[in-house]
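This report covers one helix and its packing, followed by a few individual residues. The structure is shown first.

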Amino acid sequence: MCLVLVCCFCAGQADSADDPDSAGIAYADKLFDQSYVHRIDIRLADEDWADLLSDPISKTKYIADIDIDGETFGDVTFSTKGFSSLYFVAYGEEESARYSFKVNFGKQVKGQTYYGLDKLNLNNLFCDSTFMKDLVSYRLFRDAGVESPLVSYVWLTVNGTDHGLYMAVEDVDKGFRKRALRGKGVIYGVERKIDTSSYTRESMDWIRKNGFPPATDIHGADLVYTGDEQSNYSDILDNARTKAKPEDDQTVVSAIKALSREENIDDFFEMDQIIRFFAAHNYLLNYDSYTGSQLSNLILYEENGKLSAFPWDYNLAFGTFPSVIGYEYWEDPARLLNLGIDTPLINAEEESRPLWKVIRNHPEYLAAYHESLNELLSDHLLSGEYEAEIDRISGMLLPWIEKDPTAFCTAEEFRKACETLKAFLACRTESIWRQLTGKLSAVSEEQEKQAMADASGFDFQSLGALVVGKPEE
């Protein structure tokens, strides 16, 4: 009996490598149940919490206990996380301690997980007055047939003191691989290296006035082939989230080379999956991404010699990164909401985004892309199910937002944002339907104004946006 009890307990505490369907990945039905707001309390030494608040930029890892819905996991590491959601808060014009956090269950205690979850992200919902940009985005990917991180909502307290309503986000690492991919491949985060030491209060003030500069010093994040040396692709290969062997890294280089030649593409890429990824991604108008100038927030997965793509970090989706998109789109929202599905790049050329270019250049891929969008609209977006879910989630969250001591928006702003989010879905869906049926060109430059879906009165900023570098009126 004792042995049975020990085994049952351990199933919730450590990975179950032999059986991916076991309680080793039970976190999906526990913390990520979206039917209610969960409770998380972080307990750490008072002096450590004070130290974190005094220097959040360092991302120092502190030893803490975490209580999740009444269940305690000891000796986890707890730290700040993120870039814009960290720096714009730490160096904000208004004082706030509402940072995003990361919890690592197994850093100190080998093999410890939360029912199979290795790492947990607690997102502060920066630039998201809807409180659900990631939730809606990741659902759209799943409806398109692309796995995506699980999310839910938590009321966060630190040492028993209310800290606000946060979004819990599944990390894309071993737990995600076991739950979603059922494989043993390698997960790579695609991110440009950024020298964060140059980001000071003064430099953040400059960004507020001038916007983000274009991406430079690119080492593979664009998936452009620049030679056979693996060091040319450090933006990918240095960001492996699971263990990678030299042959795995070489597969990535070989795939990028094939992409540049547009030869043997299907030998190196799961093109059906890649196409479905772009169908969802291009609907969402997220330019803090591969299709924008910043080249960030793309996940690649290599298994058995082939690459597939997965989403990450969509808090600036729905057209809410105007300094990268261009403020002229905000002055004419119909232009952005009707953006051509065949011309999704903004401030980037097709030559510099070969993973999209290969779809545009191959008629069979482009036809499959259109069909994926057609299925997404027909099976999900035209049914009203998304609007119903937004109403359900907003009703659940409103009482918590009304008492949130650190929220970036008011309850009234939240209500307006949710209505705007539904308006986005209606307009974008209508536009893409017109493009697929030939009533509106799928190429932005060829669109006629009178054929566009109506976007009059639409207000992107009410969704929550990263407004920097805005020209003076």
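## Loop residues with positive phi

Glutamate 262 has a relative accessible area of 23% and is therefore partly exposed, a class that lies between the limits of 20% and 50%. The model is a predicted one. Glutamate 262 sits in the loop that joins helix H8 (246-261) to helix H9 (265-268). Its phi is near 55°, a positive value in a residue that is not glycine.

Most residues other than glycine have a negative phi. Leucine 125 also departs from this: its phi is near 65°, positive although the residue is not glycine. Leucine 125 belongs to the loop between strand S5 (119-123) and H4. Its relative accessibility is 7%, so leucine 125 counts as buried.

## Helix H16: length and bend

Helix H16 covers residues 385-402. With 18 residues at 1.5 Å a residue, H16 should span 26 Å, and the distance between its end C-alpha atoms is 26 Å, so the two values agree. The helix has a bend of about 30° at methionine 396. A proline, proline 399, follows within four residues of that position.

## Helix H16: buried residues and partners

Which residues of H16 are buried? They are Tyr386, Glu387, Glu389, Ile390, Ile393, Ser394, Met396, Leu397, Leu398, Trp400 and Ile401. Methionine 396, where the helix bends, is thus one of the buried residues. An α-helix has 3.6 residues a turn, so residues three or four places apart point the same way.

The buried residues of H16 pack against both strands and helices. The strands are S1 (38-43), S6 (151-158) and S7 (161-170). The helices are H4 (133-143), H15 (363-381) and H17 (411-436).

## The contact of H4 with H16

H4 and H16 pack at an angle of about 145°, and their axes are 12 Å apart. The crossing is right-handed. On the H4 side the contact is made by Leu135, Val136, Arg139, Leu140 and Asp143; on the H16 side by Glu385, Tyr386, Glu389, Ile390 and Ile393. Of these contact residues, 6 are nonpolar, none is polar and 4 are charged.

Isoleucine 393, a residue of H16, has 0% relative accessibility and so counts as buried. Beyond residues up to four places away in sequence, isoleucine 393 touches Gln34, Met132, Leu135 and Tyr153. The C-alpha atoms of isoleucine 393 and leucine 259 are 41 Å apart, with their positions 134 residues apart along the chain.

## Two buried loop residues

Leucine 150 lies in the loop between H4 and S6. Its relative accessible area is 13%, so leucine 150 is buried. Neighbours within four places in sequence left aside, leucine 150 is in contact with Tyr27, Ala28, Phe32, Arg142, Ala168, Val169, Glu170 and Arg179. Leucine 150 and lysine 422 are 272 residues apart in sequence, and their C-alpha atoms are 21 Å apart in space.

Alanine 221 is located in the loop between helix H6 (201-210) and helix H7 (234-237). At 1% relative accessibility alanine 221 counts as buried. Its contacts, not counting residues up to four places away in sequence, are Val190, Arg192, Asp235, Tyr290 and Leu295. Alanine 221 and glycine 319 are 98 residues apart along the chain, and their C-alpha atoms are separated by 22 Å.

Terms used. Residues are numbered from 1 along each chain as its sequence is written. This is a predicted model: local features need pLDDT of at least 70, side-chain atom pairs count only at pLDDT 80 or more; totals for chains, interfaces and linings use all residues. Side-chain values use heavy atoms; hydrogens and water are left out. The expected span of a helix is 1.5 Å times one less than its number of residues. The bend at a residue is the angle between axes fitted to the seven residues ending there and the seven starting there. Buried means under 20% relative accessible area, exposed over 50%, partly exposed in between (1.4 Å probe, protein chains only). Contact means heavy atoms within 4.5 Å. Axes are lines fitted to C-alpha atoms, for helices over the stretch in contact, and angles run from 0 to 180 degrees between N-to-C directions. A crossing is left-handed if the near helix is turned anticlockwise from the far one by less than a right angle, and right-handed if clockwise. Ala, Val, Leu, Ile, Met, Phe, Trp, Tyr, Cys and Pro count as nonpolar, Asp, Glu, Lys and Arg as charged, and the others, Gly among them, as polar.
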